[in-house]
Amino acid sequence: HQEIEEVMKELEGLDSESAEFIATVKRFKELLDHHADDEESDQFPKLRAAVSAEDLVDLGRKVEAAKVIAPTRPHPGSPHSELFHMTLGPGVGMVDRLRDALSGRLKNT
């Protein structure tokens, strides 16, 4: 996740017409593909084997609720800890959504 966030942050500062942007997008896609493959082929099967269907549905609801308050921009410098995400994450998400609204970014979300 850290490397993906760092590449996302890099993309924000690049000119979309530059060769560096295209190369960075390719690197981002490779990281995402690897991450998705790992989740689909390893992590999710292990989760389904260890957790009941009812608990998975409950977990899904919690994930959807978390998305509402989660940050919308990469923050590669922030710690990847439960404490950070539980205490400061909602505030960071609120600031991100304010920035998104003021800049016109992500109007359809």
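1. Let me start with a definition: a residue is called buried under 20% relative accessible area, exposed over 50%, and partly exposed in between, using a 1.4 Å probe and protein chains only. At 29% relative accessibility, Asp42 therefore counts as partly exposed.

2. A word on the basis of these notes. This is a predicted model, in which local features need pLDDT of at least 70 and side-chain atom pairs count only at pLDDT 80 or more, while totals for chains, interfaces and linings use all residues. Residues are numbered from 1 along each chain as its sequence is written, and side-chain values use heavy atoms, with hydrogens and water left out.

3. On confidence, pLDDT is the predictor's own confidence in each residue, from 0 to 100. The protein has a mean pLDDT of 86, with 96% of its residues at 70 or more. Helices here are DSSP runs (H or I, at least four residues), numbered from the N terminus. Among the elements, helix α2 (residues 19–50) has the highest mean pLDDT, 95, and helix α4 (residues 82–87) the lowest, 71.

4. Now the salt bridges, each a side-chain nitrogen of Lys or Arg within 4 Å of a carboxyl oxygen of Asp or Glu. As general background, side chains of opposite charge can pair when their charged atoms come close. The count by this rule is five salt bridges, and the next two points look at some of them.

5. Helix α2 holds the pair Lys29 and Asp33, four residues apart, about one turn of the helix. Their side chains meet in a salt bridge at 2.7 Å, N to O, and Asp33 is partly exposed with a relative accessible area of 40%. Lys46 and Asp42 form another salt bridge, at 3.1 Å, N to O. Because they are four residues apart in helix α2, about one helical turn separates Lys46 and Asp42. Lys46 is exposed, at 54% relative accessible area.

6. In helix α1, Glu12 and Lys9 are three residues apart, so about one helical turn lies between them. The salt bridge between their side chains spans 3.3 Å, N to O. Glu12 is partly exposed at 36% relative accessibility, as is Lys9 at 38%.

7. Please look at the surface too, where Leu47, Leu59 and Val63 make a nonpolar patch of about 210 Å². Patches take residues with over 30% relative accessible area and no salt bridge, joining like charges within 9 Å and nonpolar side chains (Val, Leu, Ile, Met, Phe, Trp, Tyr) within 5 Å. Accessible areas come from the Shrake-Rupley method with a 1.4 Å probe, and for residues only the protein chains shown count as cover. Leu59 sits in helix α3 (residues 53–69) and is partly exposed, at 38% relative accessibility.

8. Which residues of helix α2 are worth checking against distant parts of the sequence? Phe44 lies in helix α2 and is partly exposed at 28% relative accessible area. Phe44 and Met94 are 50 residues apart in sequence and 30 Å apart in space, C-alpha to C-alpha. Pro45 is also in helix α2, partly exposed at 32%. Pro45 and Leu98 are 53 residues apart in sequence and 37 Å apart in space, C-alpha to C-alpha.

Key: Helix = DSSP H or I, 4+ residues; strand = E, 2+ residues; numbered from the N terminus.
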